[in-house]
Amino acid sequence: MSRVLNFFLGYSLPRISDFHNGCTKFQDSPQIRSRLSYGKPSAVQNCKRVQFSPQALNLELAAYADLHSLPDEAEARDGRDSDILPHVQTLRNFPEEELMGKVVMVRLDLTILLREQKKKQSPAGRVISTIKYLHKAGAKLILISSWSARADSQLLKLERVAEFLSSELEMEVIPVELGSGFEQSQMEDGHNSDILLLENLSQFKQEQANCSEFARCLSSGVDIFVNDAFSQSHKILASNVGITSFCYASIAGFHFDEGMSQLKKIIKMNKRPYYAIIGGANLAGKAAALQFLASRCDGLVFVGDAAFQIMHAFGLAVPMELVEKESLEAAHMLIEASKARGVQIVLPKDFWCLNDHYPLQMKICTANHIMDGWKPVDVGPNTLEEMISMLSRCKKILWIGAIKFAASNQESAGTSKLAAMLYNLSQKNCDLIVVGKQACETFVGKSSYVTVDLIENASIVWEFLKGRKLHGLLALDRAYPFELNWDAIYTNTTLPLVVDVGSGNGLFPFRMAKMRKDWNFLGMEMNEKLVSRCIDHVSQSGMTNGYFIATNATSTFRSIVSSYPGDLVLVSIQISINQNTDGGWCKDH
């Protein structure tokens with residue numbers, strides 16, 4: 001410790017304003033031997049901090065939330081938001097100047113681009129915006145994706161996809177096949193284009209297996225990874241999870257960022273009444289998700305085959321061929337949970353039914369009296385009228401899954417009418433979130449300016465509602481969840497910044513802040529109680545060049561320091577180094 005103090009007191013540090021260009025420049029400084037990795041915990045997690053006695057600073061606990069922009073109360077209370085939707089580093093908040101000259105690999109969902117109209121606010125428009133933004137910032141781009149074998153056979157060819165992207169981006173995109181051993185470093189010097197497209201990843205078994213060697217070869221020569229394939233974030237792939245171990249920064253693109261925002265809207269309890277319209281079947285497989293919705297919503301409206309499982313659990317007469325036996329227990333549990341919380345369960349009152357012997361004749365059957373040989377294909381007029389009347393009073397609606405029954409092979413008339421009503425509500429201060437390809441398609445063409453949140457991939461939403469991990473999201477670098485008000489923290493934000501990682505009781509930053517008034521000092525410590533005590537001491541002592549943050553610096557360091565107005569000049573990581581009895585250093589240090 002004395003050596004570090006002497007270094008501070010007797011040496012004036014040079015400016016290291018280009019710290020964000022990478023860790024290597026920082027670690028090569030002869031005065032500094034500690035390395036801090038931006039997004040990966042491995043570089044710091046094994047370091048040991050000098051331990052101080054808790055009695056060394058007898059400080060009181062104090063609140064310091066006024067220096068941060070806190071999230072709303074509902075979001076702060078929700079563990080699902082922080083555990084499954086952590087705050088990650090996004091392209092929107094990433095220092096643009098750091099992209100210049102970097103090799104950036106972008107994971108896309110090309111199926112969006114191949115089928116959608118390219119409106120600015122559409123998913124395809126956001127994907128294109130990500131690519132154009134990176135290119136304009138001076139990055140060299142490598143695009144990776146997988147596209148379905150069920151698409152047009154001509155579009156499956158790499159060259160045709162590259163031509164399509166060149167047309168959409170109005171920039172040349174060069175197709176590149178992965179060579180032997182998948183080494184892409186060989187191709188980088190052979191093309192003058194700033195945008196390369198690698199071949200379809202779906203044909204490689206190593207992609208699905210999240211093969212580490214495949215991910216390493218795929219990312220050879222890559223500096224920054226940008227994930228813009230939100231629809232794949234619930235999968236563990238080499239191109240969205242494994243690859244992040246080999247890039248010094250892994251961040252979310254514009255489309256990925258919007259996908260996270262849409263999931264947050266689903267769980268946010270900002271408007272009442274909030275109802276969920278639930279379609280489809282397999283109630284047992286969705287049990288955990290439905291339990292979660294029952295804890296958030298004021299009402300659950302069941303349409304589709306899931307409705308029959310709830311009706312059966314209520315003891316209503318349901319034809320046995322419509323009953324999913326494995327769903328009975330889940331239906332009972334959902335009913336009990338809804339009763340306990342006062343959540344209204346709304347079931348169909350009648351159905352349009354079809355008989356295989358009379359395919360051109362449809363008949364209305366009441367919900368508790370569906371005649372033998374007749375199968376439901378759509379909700380009846382009374383059901384639709386009641387649903388529209390009830391939903392018209394809502395301020396927020398989630399529609400997940402289309403109104404469709406197993407016996408129906410086409411979109412129901414009820415879907416179209418419900419969509420028209422919901423669209424009108426969305427124009428009257430009602431938040432509407434529509435999930436699922438078929439449900440979303442009913443809103444296409446409604447207006448040039450749609451105020452509805454459309455999420456075509458229902459799988460990722462169901463996984464999220466079940467509480468499952470979104471692995472592609474969790475693999476990205478973390479960001480500090482609050483916006484720091486530096487002007488409220490320091491009197492002079494133009495002074496150089498010194499960061500102490502693992503600040504503990506804060507003795508080192510406190511002492512240095514008193515000795516060096518020409519620098520600002522920031523302590524980062526995971527123990528919130530210690531940080532609160534340090535903040536209280538800062539307030540009581542009137543210190544204007546010292547502050548502390550409760551955070552895991554191994555994941556949030558970049559997002560914190562990148563917003564500081566002045567220059568970052570030093571990062572100290574305090575470790576305990578033991579000496580042998582003969583005066584030599586222990587070799588494990």
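Trp-352, Met-362 and Ile-364 make a nonpolar patch on the surface, and together they offer about 260 Å² of accessible area. A patch is built from residues with over 30% relative accessible area and no salt bridge; like charges are joined within 9 Å, and nonpolar side chains (Val, Leu, Ile, Met, Phe, Trp, Tyr) within 5 Å. Accessible areas come from the Shrake-Rupley method with a 1.4 Å probe, and for residues only the protein chains shown count as cover. Trp-352 sits in strand E11, residues 350-355. Helices (H or I, at least four residues) and strands (E, at least two) are DSSP runs, numbered from the N terminus. Trp-352 has a relative accessible area of 30%, so it is partly exposed. Here buried means under 20% relative accessible area, exposed means over 50%, and partly exposed lies in between (1.4 Å probe, protein chains only).

This is a predicted model, in which local features need pLDDT of at least 70 and side-chain atom pairs count only at pLDDT 80 or more, while totals for chains, interfaces and linings use all residues. Residues are numbered from 1 along each chain as its sequence is written, and side-chain values use heavy atoms, with hydrogens and water left out.

Now step back to the whole chain. The protein chain holds 23 helices and 21 strands. Of its 589 residues, 52% are buried. Its accessible surface comes to about 27,200 Å², and carbon and sulfur atoms supply 49% of that. Contact means heavy atoms within 4.5 Å. Among contacts with a separation of 6 or more, 74% join residues 24 or more positions apart.

Next, take one helix. Helix H11 covers residues 254-267, which is 14 residues. From first C-alpha to last, H11 reaches 21 Å, close to the 20 Å expected at 1.5 Å a residue. The expected span is 1.5 Å times one less than the number of residues. H11 is mostly covered, with 10 of its 14 residues buried. Among the buried ones are Phe-254, Phe-256, Leu-263 and Ile-267. Polar names appear there too, including His-255, Asp-257 and Gln-262.

Lys-265 of H11 leads to the charged pairs. Side chains of opposite charge can pair when their charged atoms come close. The rule for a salt bridge is a side-chain nitrogen of Lys or Arg within 4 Å of a carboxyl oxygen of Asp or Glu. By this rule there are 12 salt bridges. One of them joins Asp-453 to Lys-265, with the closest N and O atoms 3.2 Å apart. Asp-453 lies in strand E16 (residues 453-455) and Lys-265 in helix H11, so this pair ties together parts that are 188 residues apart in sequence. Asp-453 is buried, at 13% relative accessibility. Lys-265 is partly exposed, at 34%.

A second salt bridge links Glu-386 with Lys-349, again with closest N and O atoms 3.2 Å apart. Glu-386 is in helix H15 (residues 381-391), and Lys-349 is in the loop between strand E10 (344-346) and E11. The two are 37 residues apart, and the pair links distant parts of the chain. Both partners are partly exposed: Glu-386 at 32% relative accessibility and Lys-349 at 44%.

A third salt bridge brings Arg-468 and Glu-463 together, at 3.2 Å from N to O. Arg-468 is partly exposed, with a relative accessible area of 43%. Glu-463 is buried, at 19%. Salt bridges with shared partners join Glu-463, Lys-466 and Arg-468 into one network. Glu-463 itself lies in helix H18, residues 458-465. Leaving aside neighbours within four places in sequence, Glu-463 is in contact with His-234 and Arg-468.

What about the cysteines? A disulfide is a covalent bond between the sulfur atoms of two cysteines. The test is a pair of cysteine sulfur atoms within 2.5 Å. By this rule the count is zero. The closest cysteine sulfur to that of Cys-297 is in Cys-394, 9.5 Å away, so the gap is too far for a bond. Cys-297 is buried, at 0% relative accessibility. Cys-534 is buried as well, at 2%.

Finish at Ile-549, in strand E20 (residues 546-550). Is Ile-549 buried or exposed? Ile-549 is buried, with a relative accessible area of 0%. Not counting residues up to four places away in sequence, Ile-549 touches several residues, among them Tyr-480, Leu-484, Leu-522, Val-531 and Ile-560. The C-alpha atoms of Ile-549 and Met-526 are separated by 8.3 Å, and these residues are 23 apart along the chain.
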